[in-house]
Amino acid sequence: MATDNDCSSILKDVVAYVDVWSSNKTENYSKPFILQLQQMGAQVSKTFNKQVTHVVFKNGHQATWKKAKTTCVRLVSVLWVASCIDDGVHVDEELYPAINDEVGHALKRRAHRCMQPRDLTGKTPEQDKRMRKKLEQLLKDLPPKSPLITDVSPCIIDEENGIVYSPALKRSESMAERLKEMRERRENLSLTASQMADSFSPVRKPSLGSTPTFLQLLVYNFLACELHLGSVFFAMRTLVMTSMPTEKQQIVTQVVRALGGFSIVDRVCDSTTHVVSGGHYRTLNILLGIARGCWVLSFEWILWCLEQRQWIPEEPYELSDHFPAASICRLQQHLSAGEHEQDLFQGQPAMFVSQHSQPPPQSLVELIQLCGGTVCKTVRQAGICIGKYNGRRPDGSRILSEQWVLDCITHLKQLSYDNYDLE
């Protein structure tokens with residue numbers, strides 16, 4: 001296996017041409033794989049010429065596929081590139097053959113974005129200044145429209161909903177103003193919220209010819225707003241990347257953008273369900289993912305999702321060999337429908353985290369509390385001090401290294417103090 005120093009030469013005899021696109025053939029994903037090949041010493045050609053020995057193919061052009069087959073150039077998938085990086089050697093190409101889903105299909109082939117004609121949109125008054133001026137002039141030339149209700153009318157009518165108010169009430173003008181505000185607010189609601197309100201609200205939206213009361217309109221508007229706020233409040237699940245170089249981060253971002261269902265955040269939080277690691281290093285996000293019962297997965301999961309064009313089962317790609325607590329905490333979280341609370345530190349004395357600790361004290365406090373521990377703000381109340389501390393402390397209290405907290409979470413068991421005592 002090649003070391004980090006000679007990884008730049010494991011593909012020195014390879015001249016590659018990369019043709020990797022998204023499943024809908026509108027986004028070119030070739031750049032990250034070009035960078036990875038160059039880091040391993042391969043030459044990357046911008047054109048498919050006679051010097052090319054390997055073609056990295058995924059949803060690419062049919063002309064590329066046919067030429068590679070004709071010239072007997074090795075056709076490999078993106079997984080071959082990832083495997084060479086992970087193993088540090090020139091992996092056998094036959095283990096990762098490229099797949100062309102369009103071979104043998106009689107359906108019409110979708111053109112790549114570079115081959116698609118430009119969209120020709122018709123002119124509208126909003127886009128064309130001359131047309132807008134002409135439309136304004138035509139509107140001015142129209143005869144003024146007589147109002148539906150004159151000033152001497154005995155009522156105020158909302159033309160849209162057929163609502164009648166008696167002028168005998170002094171509040172008629174203010175009610176009409178409030179109705180206008182309600183209508184504007186309702187128009188600003190999202191489509192989903194409006195549909196939900198129509199489907200589930202016990203008060204039906206008023207139709208022409210009906211005469212609902214002002215209270216009914218108020219209830220309807222309140223329910224619509226509540227449903228809209230509820231849809232906004234429902235947060236999308238999030239995914240966190242860790243121990244990952246820039247080119248791998250770009251691949252993850254593009255796959256998430258293409259398949260949907262996640263938003264990417266920098267740090268594990270309440271909405272995080274997946275932590276994807278580019279290596280086997282223990283990071284703060286890995287430990288937070290374990291404590292919160294998240295999926296802790298290898299980067300291969302992302303590559304296989306790209307290969308299959310959908311989110312695939314996570315379990316085969318879980319890093320349980322390196323972080324045995326990850327699968328246990330994740331199962332506990334899933335079986336309890338997200339209500340499980342870790343009890344790893346429940347039997348421990350109250351802990352005080354030193355301000356000079358590494359990782360930062362706020363992160364250690366979060367980890368301890370997620371695992372059922374008690375954290376106090378002053379050392380006088382603590383039985384255990386985490387991190388270096390030179391001040392006065394209660395008799396019988398202990399000073400332990402931060403590694404004790406991190407190792408306990410990694411192995412999901414309370415470890416002996418002896419190997420972590422700082423006194």
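**Figure 1. Gly-293, just past helix α9.** Right after α9 comes Gly-293, with a positive phi near 75°. We're looking at a predicted model, where local features need pLDDT of at least 70, side-chain atom pairs count only at pLDDT 80 or more, and totals for chains, interfaces and linings use all residues. Residues are numbered from 1 along each chain as its sequence is written, and side-chain values use heavy atoms, with hydrogens and water left out. Gly-293 sits in the loop between α9 and β10; helices (H or I, at least four residues) and strands (E, at least two) are DSSP runs, numbered from the N terminus. With a relative accessible area of 7%, Gly-293 is buried (buried means under 20% relative accessible area, exposed over 50%, partly exposed in between, with a 1.4 Å probe and protein chains only). Setting aside residues up to four places away in sequence, Gly-293 touches Cys-329, Arg-330, Gln-333 and His-334, where contact means heavy atoms within 4.5 Å. Thr-273 is 20 residues from Gly-293 along the chain, and their C-alpha atoms are 7.8 Å apart.

**Figure 2. Helix α9 and its surroundings.** Of the 8 residues in α9 (residues 284-291), 7 are buried, so the helix is largely enclosed by the rest of the structure. The buried ones are Asn-285, Ile-286, Leu-287, Leu-288, Gly-289, Ile-290 and Ala-291. What do they pack against? Strands β7, β9 (272-277) and β10, plus helices α11 (324-335), α12 (361-370) and α13 (402-411).

**Figure 3. The largest nonpolar core, and another apart from it.** A nonpolar core here is a set of buried Ala, Val, Leu, Ile, Met, Phe, Trp, Tyr and Cys residues joined through side-chain atoms within 4.5 Å. The largest one has 39 residues, and Leu-11, Leu-37 and Trp-301 have the most contacts inside it. Elements giving two or more residues to this core are β1 (15-20), α1, α3, β7 (238-242), α8, β10 (295-298) and α10 (300-308). Helix α3 gives the most, with 6 residues. Zoom in on Leu-37 and, not counting residues up to four places away in sequence, you'll find it touching Leu-11, Ala-16, Val-18, Ala-42, Val-44, Val-56, Trp-80 and Val-81. Another core lies apart from this one and has 34 residues, among them Val-275, Leu-319, Phe-345 and Trp-404.

**Figure 4. Ser-77, at the start of α3.** Ser-77 lies in the loop between β4 (74-76) and α3 (78-87). Is Ser-77 buried or exposed? At 3% relative accessibility, Ser-77 counts as buried. Leaving out neighbours within four places in sequence, Ser-77 is in contact with Val-56, Phe-57, Tyr-96, Pro-97, Ala-98 and Glu-307.

**Figure 5. The largest pocket.** On a 1 Å grid over the protein atoms alone, a pocket is an open set of points with protein on both sides within 12 Å along at least five of seven lines, a cavity is a set where a 1.4 Å probe fits but cannot get out, and lining residues have an atom within 4 Å of a point. Grid points are joined across faces, edges and corners, and a volume is the space filled by probe spheres set on the points. The largest pocket holds about 860 Å³ of space. Its lining runs to 32 residues, with Ile-85, Asp-86, Lys-248, Gly-278 and Gly-279 nearest the centre. Helices α1 (30-39), α3 and α8 (246-259) each supply at least two lining residues, and the largest share, 4 residues, comes from α3. By class, the lining has 13 nonpolar, 11 polar and 8 charged residues (Ala, Val, Leu, Ile, Met, Phe, Trp, Tyr, Cys and Pro count as nonpolar, Asp, Glu, Lys and Arg as charged, and the others, Gly among them, as polar).

**Figure 6. The closed cavities.** The structure holds 3 cavities of 30 Å³ or more. In the largest there is about 90 Å³ of space. Residues lining the largest cavity include Trp-21, Tyr-29, Lys-58, Asn-59, Cys-305 and Arg-309, and α8 gives the most to that lining, with 3 residues. That lining divides into 7 nonpolar, 3 polar and 2 charged residues. The second largest cavity has about 40 Å³ of space; among the residues lining it are Lys-25, Phe-57, Asn-59, Asp-101 and Arg-309. Here the split is 2 nonpolar, 4 polar and 4 charged.

**Figure 7. Cys-385, a cysteine in no disulfide.** Counting a disulfide as a pair of cysteine sulfur atoms within 2.5 Å, the model comes to 0 disulfides. Cys-385 is in none, and the nearest cysteine sulfur, that of Cys-376, is 8.9 Å away. Cys-385 is buried, with a relative accessible area of 2%.
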